[in-house]
Amino acid sequence: MKSPFSTIAIPAAFVIDRDGIIYWKETGNTSHRASIDTILVKLAEISLPPNTPPEISGTIPDQSVPSGKTLVVDLSGYASDEQDSLGSLRWEANPSETDIFRVETDGHRLTITSVEGAYGSARIRLALVDSGGESDSQSLLVRVIPTSNTQKEIRLTVHDGLNLIHLPINVNTVNGAPRNITNISDLYEVLGGSENVHWLVTGSPDATGGVNELKPYFGGANDSRIDAETGIFAALKAPRTLHLIGTLLDAPLHLNPGWNIVGIPHYDSGINRLSDLAWTSEIQRNASQIAVYDGERFIANTPGEIFPGIPSDRKIQPGQAILIEMTGAARITLPLK
């Protein structure tokens with residue numbers, strides 16, 4: 001190579017790839033040439049195959065951690081790369097912190113630490129990154145489940161006339177005073193007893209043949225326990241508002257053939273609207289109708305008619321029960337999200 005300012009040749013070295021593109025070059029002066037070692041390094045680089053991204057093998061399962069606890073998840077079984085060893089791969093999590101938990105990655109260990117007293121769920125994105133910066137990613141749902149002593153306050157308003165109600169907490173305080181509500185008879189008394197309650201009706205999931213039997217409560221007859229999913233059909237003479245405090249309930253939703261009166265445990269952040277429940281696979285397969293009471297009338301729809309954003313979809317308030325007509329039995333594991 002000649003300098004434009006001289007007829008004296010200047011030493012130069014070029015490494016050109018198979019496509020004829022200059023990968024590397026070095027031009028020196030009359031007293032300097034690129035070393036053989038440097039040229040060999042560049043030739044080795046151009047001979048390497050292109051970097052392929054790593055792969056997350058399979059689906060990383062959703063994770064659940066009790067409130068105030070730490071969970072360590074081994075992710076090594078989900079990491080693979082054709083070129084890099086396991087030790088050359090790393091995991092990244094985004095976001096690393098939410099309102100209910102924080103996450104840390106160390107090699108192939110994912111550590112989830114939940115906030116004391118918090119509950120609910122949030123998604124993070126896990127990325128598997130190789131030594132060349134290529135990556136693969138996957139969404140991960142993290143649930144924070146309340147412990148048995150997690151307290152929650154709700155205000156339950158029961159109108160005069162008909163109501164579909166539910167106690168989504170294990171009540172230990174009523175209107176500021178210590179009081180347990182564990183049975184239908186307890187609820188009957190705090191709603192005003194015979195002076196204010198026409199009747200309370202609940203379902204009997206252990207009825208003969210598995211079909212729900214409506215069980216009225218008239219001041220002592222057919223008393224039964226209130227569980228996490230127990231719904232109650234109530235008729236009152238005058239409205240009553242209850243300020244309730246209690247521990248959060250955690251239970252699956254058991255549904256039997258026939259009519260079911262059910263409620264949703266309060267901490268399940270996956271069921272906020274009727275459509276969240278209606279479009280579960282168990283309801284789509286086995287339910288013929290879902291009904292709610294809006295204070296004036298019952299509104300019933302088939303599950304397929306309940307879509308987000310249309311009038312048939314309704315927000316589920318804490319303490320609101322739902323009527324579901326089932327053609328077959330089903331068990332819905334909660335929380336959904």
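Over how many bridges do β16 and strand β17 pair, and in which sense? In this predicted model, in which local features need a pLDDT of at least 70, side-chain atom pairs count only at pLDDT 80 or more, and totals for chains, interfaces and linings use all residues, β16 and strand β17 (residues 215-217) pair in the antiparallel sense over 3 bridges. Residues are numbered from 1 along each chain as its sequence is written, and side-chain values use heavy atoms, with hydrogens and water left out. Strands (E, at least two residues) and helices (H or I, at least four) are DSSP runs numbered from the N terminus, and two strands are said to pair if DSSP finds at least two bridges between them.

Leu200 has Tyr217 as its bridge partner in β17. Strand β16 (residues 197-202) also pairs with strand β18 (residues 231-236), in the antiparallel sense and over 5 bridges, and here Val197 stands opposite Leu236 in β18.

An open sheet is formed by 4 strands in the order β4-β11-β10-β7, with mixed pairing. Its edge strands are β4 and β7, each of which pairs on one side only, and the twist averages 30° from one strand to the next, where axes are lines fitted to C-alpha atoms (for helices over the stretch in contact) and angles run from 0 to 180 degrees between N-to-C directions. Strands of a sheet pair through backbone hydrogen bonds, either parallel or antiparallel.

At one edge of this sheet, β4 is joined by 4 bridges to strand β11 (residues 135-145), and the two run parallel; Val65 stands opposite Val144 in β11. The side chains alternate along β4 (residues 63-66), with Gln63 and Val65 pointing to one face and buried, whereas Ser64 and Pro66 point to the other and are not; buried means under 20% relative accessible area, exposed over 50%, and partly exposed in between (1.4 Å probe, protein chains only). At the other edge, 5 bridges join β7 to strand β10 (residues 120-129), the two running antiparallel, and Trp91 stands opposite Leu128 in β10. Strand β10 also holds Ala122, which is buried with a relative accessible area of 18%. Between the C-alpha atoms of Ala122 and Phe101, which are 21 residues apart in sequence, the separation in space is 8.8 Å.

Two loop residues have backbone geometry that merits separate description. Most residues other than glycine have a negative phi, and most peptide bonds are trans. The peptide bond from Asn94 to Pro95, however, is cis, with omega near -5°, and Pro95 has its place in the loop between β7 (90-94) and β8 (101-106). Asn175, although not a glycine, has a positive phi of about 50°; this residue is found in the loop between β14 (169-174) and β15 (177-178) and is partly exposed, with a relative accessible area of 47%.

A further open sheet of 4 strands has the order β21-β24-β22-β23, with antiparallel pairing. Each of its edge strands, β21 (258-262) and β23 (298-301), pairs on one side only, and neighbouring strands are turned by 20° against each other on average, direction ignored. The antiparallel pairing of β22 and β23 extends over 4 bridges, and Phe298 in β23 is the bridge partner of Tyr293.

Strand β22 (287-293) also contributes to the largest pocket, as do β12 (151-158) and β13 (161-166), each supplying at least two residues of the lining. On a 1 Å grid over the protein atoms alone, a pocket is an open set of points where a 1.4 Å probe fits, with protein on both sides within 12 Å along at least five of seven lines, and lining residues have an atom within 4 Å of a point. The largest pocket holds about 330 Å³ of space. Of its 17 lining residues, the closest to its centre are Thr157, His159, Leu164, Gln317 and Gln320. By class, the lining comprises 6 nonpolar, 7 polar and 4 charged residues.

Tyr188, in helix α2 (residues 184-190), is buried, with a relative accessible area of 9%. A polar atom of the Tyr188 side chain lies 3.3 Å from the backbone nitrogen of Ser194. The C-alpha atoms of Tyr188 and His198, which lie 10 residues apart along the chain, are separated by 9.7 Å.

Conventions:
Polar contact = N/O pair within 3.5 Å; in protein donor to acceptor, adjacent residues only side chain to side chain. Points joined across faces, edges and corners; volume = space filled by probe spheres on them. Nonpolar A, V, L, I, M, F, W, Y, C, P; charged D, E, K, R; others polar.
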